[in-house]
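Biologist: I am trying to learn how to read a fold from the atoms. Could we go through this one together, bit by bit?

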Amino acid sequence: MADLPRKVSALAARQHGVVTIRQLTKAGVSRHTIRRLERHGVLDSGYKSVRRLTSAKRTLEQRCVELSLAHPQAYITGVTAGMLYGLRKMPKRSPIVLGSPHALHVRHKGVTVRRTTKIDRADIIERADRIRIASLPRLAFDLSANLRDHDHRSVVDQLIHEHGVSVVELIALGSRLYHPTRPGSDRFLTTMLAVTDMPAESDAEHRVAEALIGRGVPIETNTQWLDLPNGGRARLDLAVPAIKWGVEIDVHPSHLGVIGSTSDKRRDRQAAMLGWTITRVTGLDFTDFPAMIDELLAVHSARVRDHAA
């Protein structure tokens, strides 16, 4: 029986004892030889396109390589990815969690497939051992569906302070992925509110109003009501009635979801029918408060010029 070429052995060692049929044939191993190695128990055919050296130790990493090579559009996530990254608060035993844009029929037991339609290229990292794994920011969101509130907060703290994940990218990712029906969405936003000490809505309004008034803008707080064309009424967080300019402070998690943001946009269109311009401030804006205030001042100045024309 022919031995495997040295370069296949080196490849298998790097990939935890797992190789693909394509890798074998590219290295000069014929299909006939592959079948013979399978018959003699040297290779195990766990997946159609993937083979495992039976002499290699069965590990979590090996199973993750198999899944990554067998399903190249999927990625390891959830508590499994947390264990591979060495994060705290991960359960000792758990099914392997596989994220995928499509429904998968996985042959191995002990694998949970989590289908997701929102995957950006930056959400997935391919390691040198060919394991496709969630990036740390994406994992922070995915873990919110598996961990309890306190544990999720602890893990996010670890990602920020030990792994260099920035608060800004976490908030931006939450804004992209949040949806009221997506598991873990509310927990993720609750964690971010705690981690960033993001101001409560009333406090946020006060901070913005105080900063604008201090720069000479005659802002009013919670006094301006609009009777909208659709029959509804809306009270603006901050307003300068003389130029029909309103500022809405959207730091509450409900504003980040599809339903909340759609409602906000509809209300803005209704206000525009009355000649009002609405400018919105989100929790992410508070990470650079001075820059946000400068932008609001510029919008106010432009609104004054337009109103005077």
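Biologist: Which residue in β3 is the bridge partner of Leu-43?
Modeller: The bridge partner of Leu-43 in β3 is Leu-53, and in β3 you will also find Arg-52, which is the bridge partner of Asp-44. Strands here are DSSP runs of E with at least two residues, helices are runs of H or I with at least four, and both are numbered from the N terminus.

Biologist: Before we go on, what am I looking at, and how are things counted?
Modeller: This is a predicted model, in which local features need pLDDT of at least 70 and side-chain atom pairs count only at pLDDT 80 or more, while totals for chains, interfaces and linings use all residues. Residues are numbered from 1 along each chain as its sequence is written, and side-chain values use heavy atoms, with hydrogens and water left out.

Biologist: Back to the strands, then: in which sense do β2 and β3 pair, and over how many bridges?
Modeller: β2 pairs with β3 (residues 50–53) in the antiparallel sense over three bridges, where two strands count as paired if DSSP finds at least two bridges between them. A hairpin of two residues joins β2 to β3.

Biologist: And what is the order of the strands in the open sheet?
Modeller: The order is β1-β3-β2, so to speak from one edge to the other, and the pairing of these three strands is antiparallel. Since β1 (18–20) and β2 (43–47) each have a single partner strand, they stand at the edges, so one side of each is left without a neighbour in the sheet. On average, neighbouring strands of this sheet are turned by 35 degrees against each other, direction ignored.

Biologist: Which helix packs on that sheet?
Modeller: Helix α3 (residues 31–39) does, touching β2 and β3, and its direction makes about 100 degrees with that of β2. Touching, or contact, means heavy atoms within 4.5 Å, and such angles run from 0 to 180 degrees between N-to-C directions, with axes being lines fitted to C-alpha atoms, for helices over the stretch in contact.

Biologist: Changing topic, how do helices α7 and α9 cross?
Modeller: The axes of α7 (residues 149–162) and α9 (residues 185–195) come within 10 Å and cross at roughly 55 degrees. The two are therefore oblique to each other, given that angles under 35 degrees count as roughly parallel, over 145 as roughly antiparallel, 65 to 115 as roughly perpendicular and the rest as oblique.

Biologist: Which residues make that contact?
Modeller: From α7 they are Asp-149, His-152, Arg-153, Val-156, Asp-157 and Ile-160, and from α9 they are Arg-187, Phe-188, Thr-191, Met-192, Ala-194 and Val-195. Sorted by class, this contact of α7 with α9 has six nonpolar, two polar and four charged residues, where Ala, Val, Leu, Ile, Met, Phe, Trp, Tyr, Cys and Pro count as nonpolar, Asp, Glu, Lys and Arg as charged, and the others, Gly among them, as polar.

Biologist: What about α4 and α5, at what angle do they cross?
Modeller: The axes of α4 (residues 60–70) and α5 cross at roughly 125 degrees and come within 11 Å, which makes α4 oblique to α5. In their contact, Leu-60, Glu-61 and Cys-64 of α4 meet Thr-80, Met-83 and Leu-84 of α5, and these residues divide into four nonpolar, one polar and one charged.

Biologist: How many residues of α5 are buried?
Modeller: Six of its eight residues are buried, so to describe α5 as mostly covered is fair; buried means under 20% relative accessible area, exposed over 50% and partly exposed in between, with a 1.4 Å probe and protein chains only. The buried residues are Gly-78, Val-79, Thr-80, Ala-81, Gly-82 and Leu-84, and what covers them includes α4, β4 (75–76), β5, β8 (132–134) and α6 (136–142).

Biologist: I also noticed His-16; what is its phi, and where is its place?
Modeller: Phi of His-16 is near 60 degrees, a positive value in a residue other than glycine, and its place is in the loop between α1 (6–14) and β1. Most residues other than glycine have a negative phi. Lys-89, in the loop between α5 (78–85) and β5 (96–100), also has a positive phi, of about 70 degrees, although it is not a glycine.

Biologist: Last one: is Gln-23 buried or exposed?
Modeller: Gln-23, which lies in helix α2 (residues 21–26), is buried, with a relative accessible area of 16%. Leaving aside its neighbours within four places in sequence, Gln-23 is in contact with Leu-11, Gln-15 and Arg-130.
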